[in-house]
Amino acid sequence: MNARLALEASAARLVGRLSRAAGRGGGTTLPGKLVWKLDPGALDALAARLPQGVALVSATNGKTTTTAMASSILSGSRRLAWNHSGANLASGITSTLLAADGAELGLLEVDEFVLPEVMRRTSPRVVCLGNLFRDQLDRYGELEHVAERWREAVAALASGATLVANADDPPVAALAEGRERTLLFGVDDPRRARGGLQHAADSKYCVGCGHPYVYDAAYVGHLGDYRCEACGHARPALDLAAAEIEPQGLDGVSFTLHAPHGSARVRLAVPGLYNVYNALAAASLSLALGATLDEVAAGLERFRAAFGRFERFTAGERGVLLLLIKNPAGANEALRTLEEGGVPPTLVVALNDRIADGRDVSWIWDVDFEPVLERAGRIVVSGERAAELALRFTYAGFPRDRLELVHDLEHALDRGLELTPAGGELAVLPTYTAMLELRAIATARGLTRPYWEGVAAP
Amino acid sequence: MILRVGHLYPEYLNIYADRGNIAVFVRRAAARGHELRVEEVTLGTPLRPGAHDLLYVGGGQDREQAMIAPDLAARREAIRAAVDGGAALLAVCGGYQLLGRGYRGRDGSWLEGAGLFPHETVAGETRMIGDVLLESALPEAPGRTIAGFENHAGRTVLDPGAEALGRVVAGYGNDGSSRLEGCRVGRAFGTYLHGPLLPRNPWLADLLLSWAVAHATRGAPEALAPLADELEAEAHAVAAGRARSRGGRPA
């Protein structure tokens, strides 16, 4: 490490310790914010000191879980610099690399908007691109805008780097066209397909000619086996595929992983088809980094829920299931998983509207809450925009007398637990900042470990 | 009574929760004993004269909007005839732009609109994004406020003498400088406000519904019976507060 970087690093570590000592959360991004402000080039130098290089993961949905799954696979044989708390902006990544003395490999989830800059600065060995859904239009702009930034970034990626991409997502798969080193993954089990595209499906039109795609199977949002009848553009051949997918309620899902050099049966301890996609992304990324298929299967089986994403904890005689919701596609999958696994009688749904949640709350109207509303007994709505949720649910026909507004999150959690019978489980669906606050409450009560200790670590 | 709604291009124009506005129409009509029949009007579907009491046009991503713009522009006469015939219309965001004379892109390109609203839109360098609060400019609703969220690169300039939907209390509005928002022609409104617009501004939904009823009965508009609207009032108050504390600042 050069002298300037060493000085910056030690100053930054001190800031992190002060931040934690002052009770200001994990201090995960403060040191990086400082260094990033003083010297953005520090990120280049920090990445360059990792002997096995850097792997980056980005997507609208699933980047935290994918990265946590990859960590579960890779951490046995490598020391990782991994931003497990989800601090995925340049400052958070700088913090992670600063704190990871002695790490061999950088395993980093990256915000989709800052991905181009992080790719430029860290010269990654592998870049894994999971999906693009509409998300926080007030911050990211239209999906097409993010896709265009990704196209430019991928065009500038060194030819020796491997691009891992989701073949089932048309604009993402298109990024691999014409590249040599690519690994494409997708789902291959038409039995698990949906009847059709969902209300809020994005990217319904051919990336080549604009004609609507025909789906032989639509799995999650617009992800699936698509083809264009006008120009012939279609899902590319899969290097990795998930087949024979068997859901196991809310407890998990198993599938056969077909990889270039063999197949393995994998049982995930988290449910949902979207987690099968996350597992495929993590498997592809890990294989690209030299992991064996056995390591991949074992790592995926060891994996437990990532930070706030299908995380479970116990509160006395009741269980709590924490399910982050942050955009229509992600929320739809969380809800579909609940619906298939059995909707708990009581739900707490919490909507905040800070920058990290999206200030524009209109997205809740694009979420297909209806099937869960039909089965839910009582719903407690909470957060800064609780009234908007109440309107969303009552205009969908949910009875007003089974809906409660409890603005304070801690009170809402307690009210939800009160409404849940002993031995039962309460489902809590918060947006990002509400999730952070609820986890902090749970941690303060000794129900979960604080996030900077690494919830998803094996 | 049956109210016939024509929802234009729902497959293409649905970016800002447009179905929330439709859900509000459906449920508030039902609360007054009316049944809403929503018909999809999309590429290639005719817009039959007199077939709808209420038309709805939402917003889309640029790519989707470009796909339907020529089809919408070609319906110029049909849309004008519907509004002249007393049908109600609500257009939000992209639909609001495309119902004007046209849209001038950054590259100088011209996207022809349907020409219902007397305005033109020019693409700006930055997007105007944030919470908005308006004071109604409608003679039917003096003193009312409208709270929503805006996210648009287009600067929409009303012709001199054109009627706006409201005056901007907080936020950017049509163009970030005129302090006007939206446009009104007869029983047709266009606005940049989503959020969606109607759940937290239910009086606006009721006004449009009363016009749709008048169209269906060929009678004069009568105010609908009031509903409790406590949740709506709270959501409105929170959104209005957001606009005052963090809405865009016009030039």
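**Exercise 1. Break down the lining of the second largest pocket by class, then locate it.**

Solution.
- Step 1: the classes. The lining has ten nonpolar, 13 polar and nine charged residues. Here Ala, Val, Leu, Ile, Met, Phe, Trp, Tyr, Cys and Pro count as nonpolar, Asp, Glu, Lys and Arg as charged, and the others, Gly among them, as polar.
- Step 2: the volume. The second largest pocket holds about 780 Å³. On a 1 Å grid over the protein atoms alone, a pocket is an open set of points with protein on both sides within 12 Å along at least five of seven lines; a cavity is a set where a 1.4 Å probe fits but cannot get out; lining residues have an atom within 4 Å of a point. Points are joined across faces, edges and corners, and the volume is the space filled by probe spheres set on them.
- Step 3: the centre. Of the 32 lining residues, A:Glu142, B:Asp62, B:Tyr103, B:Arg127 and B:Ala153 are the closest to the centre.
- Step 4: the elements. E7(B) gives the most to this lining, with five residues. Helices (H or I, at least four residues) and strands (E, at least two) are DSSP runs, numbered from the N terminus.

The model is predicted: local features need pLDDT of at least 70, side-chain atom pairs count only at pLDDT 80 or more, and totals for chains, interfaces and linings use all residues. Residues are numbered from 1 along each chain as its sequence is written, chains are lettered from A and ligands numbered from 1 in the order written, and side-chain values use heavy atoms, without hydrogens and water.

**Exercise 2. Describe the contact between chain B and chain A.**

Solution.
- Step 1: the residues. Chain B gives 35 residues and chain A gives 36, with contact meaning heavy atoms within 4.5 Å.
- Step 2: the area. The two chains bury about 3,200 Å² between them, 49% of it on carbon and sulfur atoms. Buried area is the accessible area (1.4 Å probe) lost on putting two parts together, summed over both.
- Step 3: the charges. Six salt bridges join the chains (side-chain nitrogen of Lys or Arg within 4 Å of a carboxyl oxygen of Asp or Glu). A:Glu388 pairs with B:Arg200, the closest N and O atoms being 2.9 Å apart.

**Exercise 3. Where does the second largest cavity lie?**

Solution.
- Step 1: the volume. It is about 120 Å³.
- Step 2: the lining. Among its 14 residues, A:Asp135, A:Gln136, A:Leu137, A:Pro328 and A:Trp363 lie nearest the centre.
- Step 3: the place. Domain 1 (3–302) and domain 2 (309–453) of chain A both give lining residues, so the cavity lies between them. The domain bounds come from an automatic or database domain assignment.
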